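Welcome, and thanks for taking a look at this one. Please open the sequence and the model side by side before reading on.

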Amino acid sequence: MKDGPDIARIGALIGDPARANILSALMSGKALTATELAAEAGITGQTASSHLKKLQEGGLLVQAKQGRHRYFTLSGPDVGTTLEALMGLAARKGHLRTRTGPRDPAMRTSRVCYDHLAGDMAVRIFDSLQTRDFLKITQDKGGLGLTASGEDFVTGFGVDLAGLRLSRRPICRACLDWSERRNHLAGSLGAALLVRFQEEGWLRREKDSRVVHISSHGHENLNRLFPSSLD
């Protein structure tokens, strides 16, 4: 056995269809009960409990008890980023599940990727930040950082950059968008921007879904704030 990270174990945990459905359901960032996750995976409650135990032991899920209920979430944003990248790999290699209808185009347009925005608008935002030299490649964890002008831009938009620096989480991280097959912005800044967009009332989360609906007012302001070179 060679030394190093055991990707085979992680791959086996994610590779089971029921566990993959459970993890995908938690990509919304919401905490869900075992009963809700069993329904998402199309399995019995007893079978779900077995899968949830394995995912917890593997470090991919955490649980919290509230009253009589147990709620499960992904153990961190790195798990969400990994799942999004695997979705992109599956899409590029033609490993696609049956389309479920109008919800799929909505998912591709704009959705939540654990705690940050994904989809075509998110890719536009990332491209705009790069084109205007607000992002730079770094040697730090995450491999991406803000330039001085980028720091001025995000603080001017109301992001508490000083507060983000107190966290051990990377401020900026590129996350490969599974539908666009290009990067969108993750990290604590990606999460903070999603919060600010919601505070401004530019978008709303669809109930019990990863889908995000951007209002016409939101589109107007996001396009103004993050201009594209194609405009």
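The notes below cover a helix pair, the cysteines and two backbone angles. Please keep in mind that this is a predicted model.

**A helix pair**

Let us start with helix α2, residues 17–25, and helix α3, residues 34–41. Their axes lie 8 Å apart, and the two helices pack at an angle of about 120 degrees. An angle of that value falls outside the 65 to 115 range for roughly perpendicular and is not over 145, the mark for roughly antiparallel, so α2 and α3 are oblique to each other. The crossing of α2 past α3 is right-handed.

Which residues of α2 and α3 meet? From α2 come Ala18, Asn21, Ile22 and Ala25, while α3 brings Leu37, Glu40 and Ala41. Sorted by class, this contact of α2 with α3 has five nonpolar residues, one polar and one charged.

**The cysteines**

How many disulfides does the structure hold? The count is zero. Cysteine 172 is in no disulfide, and its nearest cysteine sulfur belongs to cysteine 175, 13 Å away. Cysteine 175 is likewise in no disulfide. For cysteine 175 the nearest cysteine sulfur is that of cysteine 113, at 4.1 Å. A disulfide calls for sulfur atoms within 2.5 Å, and the 4.1 Å between the sulfurs of cysteine 175 and cysteine 113 does not meet that cut-off.

Are these cysteines buried or exposed? Cysteine 172 is buried, with a relative accessible area of 1%, and cysteine 175 is buried too, at 0%.

**Two positive phi values**

Most residues other than glycine have a negative phi. Here, then, are two residues worth a look in the model.

| Residue | Phi | Relative accessible area |
|---|---|---|
| Tyrosine 114 | near 65 degrees | 17% |
| Aspartate 133 | near 60 degrees | 53% |

Tyrosine 114 has a positive phi although it is a residue other than glycine. Where does tyrosine 114 lie? Its place is the loop between β4 (111–113) and β5 (116–118). Tyrosine 114 counts as buried because its relative accessible area of 17% is under the 20% limit.

Aspartate 133 is also a residue other than glycine with a positive phi. You will find aspartate 133 in the loop between α7 (120–131) and β6 (135–137). With 53% relative accessible area, aspartate 133 is over the 50% limit and therefore exposed. Of these two loop residues, then, tyrosine 114 is buried, whereas aspartate 133 is exposed.

Terms used
Residues are numbered from 1 along each chain as its sequence is written. This is a predicted model: local features need pLDDT of at least 70, side-chain atom pairs count only at pLDDT 80 or more; totals for chains, interfaces and linings use all residues. Side-chain values use heavy atoms; hydrogens and water are left out. Axes are lines fitted to C-alpha atoms, for helices over the stretch in contact, and angles run from 0 to 180 degrees between N-to-C directions. Helices (H or I, at least four residues) and strands (E, at least two) are DSSP runs, numbered from the N terminus. Angles under 35 degrees count as roughly parallel, over 145 as roughly antiparallel, 65 to 115 as roughly perpendicular and the rest as oblique. A crossing is left-handed if the near helix is turned anticlockwise from the far one by less than a right angle, and right-handed if clockwise. Contact means heavy atoms within 4.5 Å. Ala, Val, Leu, Ile, Met, Phe, Trp, Tyr, Cys and Pro count as nonpolar, Asp, Glu, Lys and Arg as charged, and the others, Gly among them, as polar. Buried means under 20% relative accessible area, exposed over 50%, partly exposed in between (1.4 Å probe, protein chains only).
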